[in-house]
Every structure is written in C-alpha cells, then in structure tokens.
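Student: Can we go through this structure together? I'd like to start with one helix and what packs over it.

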Protein chains: 2
Amino acid sequence: MKAFREFSADELRFVEQFKIAEQRFEPGQTVLVEGEKSPYLYTVLSGWAFKYKMLEDGRRQIINYALPGDLLGLQSAMSEPMQHSVEAVSETTLCVFAKDKVWDLYKEHYALGFDITWIAAHEKAILAEFLVSVGQRTASERIAFLLLLLFRRARSVGLVRGGMLELPLTQEHFADTIGFSLVHTNKRLRRLKRAGAFAWVGQTFTMLDEKSLQEQAGDSCSVPLKRPFI
Amino acid sequence: MKAFREFSADELRFVEQFKIAEQRFEPGQTVLVEGEKSPYLYTVLSGWAFKYKMLEDGRRQIINYALPGDLLGLQSAMSEPMQHSVEAVSETTLCVFAKDKVWDLYKEHYALGFDITWIAAHEKAILAEFLVSVGQRTASERIAFLLLLLFRRARSVGLVRGGMLELPLTQEHFADTIGFSLVHTNKRLRRLKRAGAFAWVGQTFTMLDEKSLQEQAGDSCSVPLKRPFI
DNA sequence: CGTTACCTTGAATCTCCTCAATACACGTGG
DNA sequence: CCACGTGTATTGAGGAGATTCAAGGTAACG
C-alpha cells in the first residue's frame, strides 16, 4: 500500500488514523455515483475499477481506469458532488478514508497535501492523453494506445509477471473508452491481434512486442507512471 | 484578479511576494512547450489561451481553454516536464509566480494548497466533460456543447455583456477541440447557426436561446464554474 | 493590388454505425 | 445429463457520417 514514497513516522501515524476501513466490491458493483456526495475518499488496494459518465440515452464514456494506488472520490472529498460514477471491474478492495480529515491533512501534513495535488495533476495528464487519443487517433491507434497504457500502468504497480497480465476488461469496456461502437472495436482489435504484437486470450493479456505495439499506437504514449502517495 | 475567494491578510501578503511579474503574450505566441520544464507558474489575468498536444504527423488536439483566473503550468511547478503546450489566442496577460515557492505555499498557507488541489480537480472535471463529448456526442452536439461551455465559463468570469461575448477562436480551434476535420466542422456549424440559437459574426458571439442550445448539446453540460483561488 | 488568413461549398471516397446472425463458454434448473 | 438463458466474441451487409481534395469567396493588411 505504501510502495510509492517513504513516509515520515508522523505521516504514517496520520495516514493510519485517517484510514477508516477496507471495503470489498464485487465485479460490476457501483462504488460511487455521479451527482452524489460521498463522505469518503478511497484508494484502490487491489483490483480494477473504472470511472465513467453516462448520457441520458445510454451512451457511456469511460473516463479512466483505477488501479491499485489510485485515488477515488477526490472531488467529493472537497465537498463537491461526484462528476462521474465508478464501477468495479474485478473483485476490488478499497481503502476508505474520512473526508472530513482531509482538511487536517493539508493543515498538519502539507507534504501529503502536496502529494494529493501531484496525483490530481498526474491524472489530468492521463485524461489529456485519452483526449488526444479519442480526438485524433484512428481506431487501431486508439486500441493499441489503450492496451499499451493499461499494460504500463499495470506493470508500474507490479501486476505484470513475465510479460503477462490478468486483464479483466471486456471489449465493451474498450469500445466505451475509445469512443467506437462495440462491433467496430471488435473488428479492429482482431486485426491488431493478427499483427502479433500481443496475445489476449480470455482474461490473460501477453505483451509480445512492446515496441511494435507502440509504433501501432502512433508512438508518444508518454504517461508518467511513478506516484508518490498512498 | 481575486474575484474568487476572500483571502486573509496573511495569504494576500504571501501571494503578493509569490508573484514575480506580469507578462504579455501576442496572439499565436507560445507560452509553454510540451516536454520542457518551466521555472514559472502562471495564472491568466486577461485574454484567451489554449492547451494542446500534437502528434508527430501534425494532428493537434486542443485539451482545454484557459480564461482569466485559470492556472497554467501546474505540472511544471511540481518539477515535472509539461505534458502539453500552451498558446495565446488573443492578446493575453499572465501573472507569473515563482515555482520554487510553491512548496512554501503548501507549508505556510495550507488553505491555498487546498485551493490549488481544488482547481486541479476542477480541471479534471472539465477534461472529463470534453472526453465524453469527443467520445460519444455527434458533431452537432459537440459544437453546441463547446459553445455552451465556453460561453458559460466566459460569463462566470464576467466576459459576457448583454448576451454578447468577444470570442477570438477560429473554426480550426473548434475542429481541433471536438476531433473533426475543419471542413466537417464548418458544415455542421453552419447548420447550427441556421437553427438560430446563437449568432457568431466575426469575433462576436451572441447567445440567443441558451436553453435551445443546451438541448442541441444533448443536455447535461454540467461543469461547475465557481473557483476559489487567484 | 497582391498576399494571407479564414470561411464556405461540392464531389468522391472511405470509415464507422446499425442491424442481424452465429458461435462459444458458463451456470442454472429440470 | 442436457436444455436453456446469459454474457461475450465474431462476422457480413448496407447505409449514414466523416475525410480528403479541390475550388471559390471574403476581409484585412501591407
């Protein structure tokens, strides 16, 4: 849980009493709902979740994925209603914090406050990357880019062993992330598979040629991956 | 410049010595470059700017617009290289801060640190809205949505007088924001104009029927607009 | 008066969407 | 054990939507 930055003894003590509980969510279960205020702030301990927004007619856009170490509910921790919903993909364990102590965190442990800002800025960078992808890249590029991004993020938190990764997402998740229909996503994904830079059978993703995949993504996947906090 | 939150006397004093200078940029001038580190942190005092990323082959995605009150260069203020470039649209005046004092800000004025996090979280919300737009909405919806968003943000900082707004953007900016070609953007924009919810002649945008435009945007334009800091 | 920047429009082509059908794995209940 | 439903993956066909290419128009500016 604290594989990111070395805390001081003081900070450790604070974080420990800041933590309320751990909570488990089943696949498909909703963690947070757009428009509601949550009294809690979460971090992911294990599992995959995703943030999304829906339009009235059912269209869904996945905003970002949450892997171990990521924050959930920062807006609501700042007394704003949630701007998106969050759903668990796999079985997911979250660490629950009391949002009413966030203020104390800034007051008494400014370094932690700085870290939270850093995380928010970092997530902005990821959203910007997604935006470039959805706005400018072709279907194949978007898929390659998303696979690459997820693989690298997963690797950076130790989820990749021997080039293999347990990837619990469906093609529908992919479609709703890259902004194409499920059918079209499927067709382009099949083509990419045949190109051979990766294998994806069942829930097991295997990276075979990362450099090649990066070329198919139109290069540039430049998301920084280290993270300082919690 | 401080139309957002009431500062304490202490905070005011800090912000004033935190501020280094004011700097003016001409239309088209580049403020920050992706990949570089800037020793400064900026806020917009007047004018319009935009944040964007480019792909190698020249495709450009506009990430967000910066209006008076917005922060520029937060990542670089946290010792990270810039994740996007920034360019001035109109003549723009920026307030320049020393990034090496950001740490002091968190240490001695935690409320300001909290505000910065708030701003970052708020911009995440805007990026998420853009992502939904580019990923899910039709061309017409995207244009209507963007017009609505810009109009409301401009209004919230006092740039709208009598339903009229000086809008210095070109259709190319629009195209690169919503993820369509310039030609197609033009055709759909003309149609929207004929629908009559707004007028846009030269650089003058006039809102005629905000509710109607919101309907054409597929409703929901739910971006919060108040802002606490600087 | 020529250049530049921006807006506008048509035609041909290609991408992507929708509809529809099939296939497979899984779990459940008869 | 098998029939059945459900969720996911796959593929084809036809049509809507977007792209590119190309051409023309206007206004501003030196």
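Student: What covers the buried residues of H6(B)?
Tutor: The cover includes strands S4 (49–54) and S5 (60–66) and helices H4 (110–136), H5 (139–156) and H7, which belong to chain B. Contact here means C-beta atoms, placed from the backbone, within 7 Å. Helices (H or I, at least four residues) and strands (E, at least two) are DSSP runs numbered from the N terminus. This is a predicted model: local features need pLDDT of at least 70 and side-chain atom pairs 80 or more, while totals for chains, interfaces and linings use all residues. Residues are numbered from 1 along each chain as its sequence is written, and chains are lettered from A and ligands numbered from 1 in the order written.

Student: Which residues in H6(B) are buried?
Tutor: B:His173, B:Phe174, B:Ala175, B:Asp176, B:Thr177 and B:Ile178. That is six of the eight residues in the helix, 171–178. Buried means 20 or more other C-beta atoms, placed from the backbone, within 10 Å of the residue's own.

Student: And what follows H6(B)?
Tutor: B:Gly179, with a positive phi near 85°.

Student: Now the DNA. Which residues come nearest to strand D?
Tutor: A:Thr170, A:Gln171, B:Ser181, B:Val183 and B:His184, out of 14 around the strand. Near means a C-beta atom, placed from the backbone, within 6 Å.

Student: Which helix gives the largest share of that surface?
Tutor: H7(A), with five residues.

Student: Last thing: how many residues does each chain put into the contact between A and B?
Tutor: Chain A gives 38 and chain B gives 38. On the chain A side, H4(A) has the largest share, 19 residues.

Note on methods:
Contact = placed C-beta atoms within 7 Å. Buried ≥ 20, exposed ≤ 12 C-beta atoms within 10 Å, placed from the backbone.
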